[in-house]
Amino acid sequence: MPGFKKHADGIAKTLARGIGHIDRIEGQKQELFTLGCLHNRKNVQYHYSTKMGTCLVSNVKKFFGDQWTQEMEDAWNRAYEIITYYMLERFWTGNFGPPNKCVSVDAD
């Protein structure tokens with residue numbers, strides 16, 4: 001399953017960048033929008049994002065073991081929520097620009 005591993009690695013890297021710069025998430029808006037647009041092209045359904053978040057936080061929790069706290073869980077869930085919001089905001093508006101082209105968020 002090399003494709004799955006590559007996708008999982010991409011998710012982890014995006015999340016790490018997002019968490020590392022959560023106070024400046026606006027600066028990553030274009031990258032997150034592009035990811036959302038690409039997922040839309042692949043017909044990924046919006047509700048998959050909540051399932052992905054649940055799986056992700058559950059696995060991070062396993063990694064931390066006994067060191068895991070409710071505060072950490074809340075922080076990871078909130079970070080995922082913020083990153084997902086920016087990534088998928090165009091799913092709610094349907095504003096993806098021309099077919100097969102992800103337009104800049106600045107084009108609004």
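**Pockets, core and aromatic cluster**

The second largest pocket has a volume of about 190 Å³. The model is predicted, and this value, like those below, is computed from it. Twelve residues line this second pocket. Ser49, Thr50, Tyr80, Glu81 and Thr84 lie nearest its centre. Two elements, α3 and α4, each give two or more residues to the lining. The largest share, six residues, comes from α4. By class, the lining of the second largest pocket holds five nonpolar residues, six polar residues and one charged residue.

The largest pocket encloses about 420 Å³ of space. Its lining is made up of 20 residues. Nearest the centre are His7, Ile11, His39, Met52 and Met87. Four helices each supply two or more residues to this lining: α1 (2–20), α2 (29–41), α3 (48–64) and α4 (70–93). Twelve of the lining residues are nonpolar and seven are polar. One is charged.

Nonpolar side chains were examined next. In soluble globular proteins, such side chains tend to be buried together. The largest nonpolar core of the model has ten residues. Leu15, Ile25, Leu32 and Leu56 belong to this core. Tyr80, Ile82, Ile83, Tyr86, Met87 and Leu88 complete the set. Helix α4 gives the most to the core, with six residues.

Two members of the core also appear in the pocket linings. Tyr80 belongs to the core and is among the residues nearest the centre of the second largest pocket. Met87 is likewise a core residue, and it is one of those nearest the centre of the largest pocket. Beyond residues up to four places away in sequence, Met87 touches Leu32, Phe33, Leu35, Gly36 and His39. Of these contacts, Leu32 is itself part of the core. His39 is another residue listed nearest the centre of the largest pocket.

Aromatic rings were then compared. A pair of aromatic rings is described by the distance of the centres and the angle of the planes. A search of the whole structure finds two aromatic pairs. Phe63 and Phe64 form an edge-to-face pair, with 5.4 Å between the centres and 90° between the planes. The rings of Phe64 and Trp68 have centres 5.8 Å apart. Their planes meet at 45°, so this pair is tilted. Phe63, Phe64 and Trp68 thus form one aromatic cluster.

The three cluster residues were also assessed for accessibility. Phe63 has a relative accessibility of 69% and therefore counts as exposed, the cut-off being over 50%. Phe64 is partly exposed, with a relative accessible area of 27%. Trp68 is at 12% relative accessibility, so this residue counts as buried, the limit being under 20%.

Arg17 was considered separately. This residue lies in helix α1. At 36% relative accessibility, Arg17 counts as partly exposed. Leaving aside neighbours within four places in sequence, Arg17 is in contact with Gln28 and Glu31. Arg17 and Gln28 are eleven residues apart along the chain. Their C-alpha atoms are separated by 8.7 Å.

Terms used
Residues are numbered from 1 along each chain as its sequence is written. This is a predicted model: local features need pLDDT of at least 70, side-chain atom pairs count only at pLDDT 80 or more; totals for chains, interfaces and linings use all residues. Side-chain values use heavy atoms; hydrogens and water are left out. Rings of Phe, Tyr and Trp (its six-membered ring) pair if their centres lie within 6.5 Å; planes under 30 degrees apart count as stacked, over 60 as edge-to-face and the rest as tilted. Buried means under 20% relative accessible area, exposed over 50%, partly exposed in between (1.4 Å probe, protein chains only). On a 1 Å grid over the protein atoms alone, a cavity is a set of points where a 1.4 Å probe fits but cannot get out, and a pocket is an open set with protein on both sides within 12 Å along at least five of seven lines; lining residues have an atom within 4 Å of a point. Grid points are joined across faces, edges and corners, and a volume is the space filled by probe spheres set on the points. Ala, Val, Leu, Ile, Met, Phe, Trp, Tyr, Cys and Pro count as nonpolar, Asp, Glu, Lys and Arg as charged, and the others, Gly among them, as polar. A nonpolar core is a set of buried Ala, Val, Leu, Ile, Met, Phe, Trp, Tyr and Cys residues joined through side-chain atoms within 4.5 Å. Contact means heavy atoms within 4.5 Å.
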